[in-house]
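This report describes the fold of one protein chain for a reader who is new to structural biology. Please keep the sequence and the structure at hand while reading.

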Amino acid sequence: MTHASPAATHAVPTGGPAGPGAYVLGVDSGGSGLRVALGRVGEPGPLATTVCAEPVRTGPGGIDAGHLLDQLLPAARELLERASAAASAEARSDARPSGSRADQASAHEVAAVAIGAAGMATLGERLRAELPGALADALGVRRVALAADAVTAYAGAVGQRPGAVVAGGTGMIALGTDLKEWHRADGWGHLLGDSGGGAWIGRAGLDAAMRAHDGRRGGSAALLERLRAVFGPAETLPGLLYPRSDRPAVLASFAPEVAACAGADPVAAGILRQAASHVAEAAAAVCPVPTEPDGEGGGGGEVALTGGLFRMGEPLIAPLREELARLLPGARVTTATGDPLTGALRIAHALATGDLRLPRHPTMLFVPREQETGQREETAVRSEPRSE
């Protein structure tokens, strides 16, 4: 078992659970930018969302807390102003008396903020040290949770139930919990892992294409044709690929070509079957084993699939379901009900109402200890196979 060291915390005064009408913020920080959603306790879904197109910078000290705040705070204030104006307009149209819930809600401070960020687990030290205090000063926020993007993906896909999520895009990571501790498999990047993810599929497809170009065993003429259509002459591909700093994304861009060829090309179909096997193995490594059947004849747990990888459809999904049925008999394979921004907002709702059941952890799901009374002990993330 791997244990992370607790991060620094900032004391944030809190009261009891927030009541209906209090505002909450969910934040998703990723490679394409910062997304912010405003919600209200007691009401499902976001009231409004906004996007900051510039990704948060990462430097030698990790994720840049100042740069994140420079984008988040104006976005949050804009959403609060819009929500306040909408509430006032609603109150006027309904001729509500002064002091109605809409008037009261518009005056509320933000009760909770949950921020999910790519790289939070390994590069989030500055965020954990600086954001709770900065958000308390700027927004009067009562509770803050800082989460790895895999955790917000889990919350968006599964909610606060035991289960597992596979987040697949350019990379691939599986995360599961029994609500006592987190279990992680893969997510180690395209050089060390991400097996079955978009970059892995794209690289395998390009390898098969280059084999066909050379006349080696295992080549695919169909994939060679697609390589030439996408990148040009095969012999120029190394010069196009190796100098790029975004090599994983370039590799992943070829994954849909592999899926498109899979119906008629056995080599492409075999690549997707192997990818499905890798993804299923990661899911099986993290999915909690129920102690008793769930009453529906299953008892194999829930595995939710989320991310662009699974938009490749049946060429990948069909073999993946077969592998999951073999490795996790009785598991319910579902499509995510929400994305990481939805997950961040759900965590903020739960934090505001004192109902956060997902395991706290110093790097995966960080909640400053001063914010809560009776908080459970911080848990570890297991990244090796679980003993049965």
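## The segment before the first strand

P17 touches R142, R143, A352, T353 and G354, when residues up to four places away in sequence are not counted. The model in which these contacts appear is a predicted one. P17 is found in the segment before strand β1, which covers residues 23–30. Is P17 buried or exposed? With a relative accessible area of 57%, P17 is exposed, because the exposed class begins over 50%. One of its partners is remote in sequence: P17 and R143 are 126 residues apart along the chain, while their C-alpha atoms are 9.9 Å apart in space.

## The chain as a whole

The secondary structure of the chain consists of 13 helices and 14 strands. Of its 388 residues, 50% are buried. Among the contacts with a separation of 6 or more, 67% join residues 24 or more positions apart. The chain exposes about 17200 Å², and carbon and sulfur atoms supply 53% of that area.

## Two nonpolar cores

The largest nonpolar core has 66 residues. Those with the most contacts inside this core are L25, I115, L131, L135, V151 and I347. Helix α1, residues 65–93, gives the most to the core, with 10 residues. Which residues surround I115? Apart from residues up to four places away in sequence, I115 touches V27, L68, L72, M120, L131, L135, A145, L146 and A147. A second, separate core of 50 residues includes A164, A208, A259 and C261.

## Two helices compared with their expected spans

The table lists helices α4 and α11 with the distance from the first C-alpha to the last and the span expected at 1.5 Å a residue.

| Helix | Residues | Number of residues | Reach | Expected span |
|---|---|---|---|---|
| α4 | 125–139 | 15 residues | 21 Å | 21 Å |
| α11 | 266–286 | 21 residues | 31 Å | 30 Å |

For α4, the reach is close to the expected value, and the same description, close to the expected value, applies to α11. Helix α4 nevertheless contains a kink of about 40° at L131, shortly before the proline P132. The buried residues of α4 are L127, R128, L131, P132, G133, L135 and L139. Just after this helix, G140 takes a positive phi of about 65°. In α11, the buried residues include A268, I271, L272, A276, S277, A280 and V286.

## Two buried glutamates

E323 lies in helix α12, residues 314–327. Why does E323 count as buried? Its relative accessibility is 17%, and the buried class covers values under 20%. Leaving aside neighbours within four places in sequence, E323 is in contact with A276, S277 and A280. These three partners are among the buried residues of α11.

E257 is found in helix α10, residues 255–261. This residue is also buried, with a relative accessible area of 18%. Beyond the residues up to four places away in sequence, E257 touches L223, R226 and V230. With which residue does the side chain of E257 make a polar contact? The partner is the side chain of R226, at 2.8 Å.

Conventions
Residues are numbered from 1 along each chain as its sequence is written. This is a predicted model: local features need pLDDT of at least 70, side-chain atom pairs count only at pLDDT 80 or more; totals for chains, interfaces and linings use all residues. Side-chain values use heavy atoms; hydrogens and water are left out. Helices (H or I, at least four residues) and strands (E, at least two) are DSSP runs, numbered from the N terminus. Buried means under 20% relative accessible area, exposed over 50%, partly exposed in between (1.4 Å probe, protein chains only). Contact means heavy atoms within 4.5 Å. Accessible areas come from the Shrake-Rupley method with a 1.4 Å probe; for residues, only the protein chains shown count as cover. A nonpolar core is a set of buried Ala, Val, Leu, Ile, Met, Phe, Trp, Tyr and Cys residues joined through side-chain atoms within 4.5 Å. A polar contact is a pair of N or O atoms within 3.5 Å; within protein, one must be able to donate a hydrogen and the other to accept it, and residues adjacent in sequence count only if both atoms are side-chain atoms. The expected span of a helix is 1.5 Å times one less than its number of residues. The bend at a residue is the angle between axes fitted to the seven residues ending there and the seven starting there.
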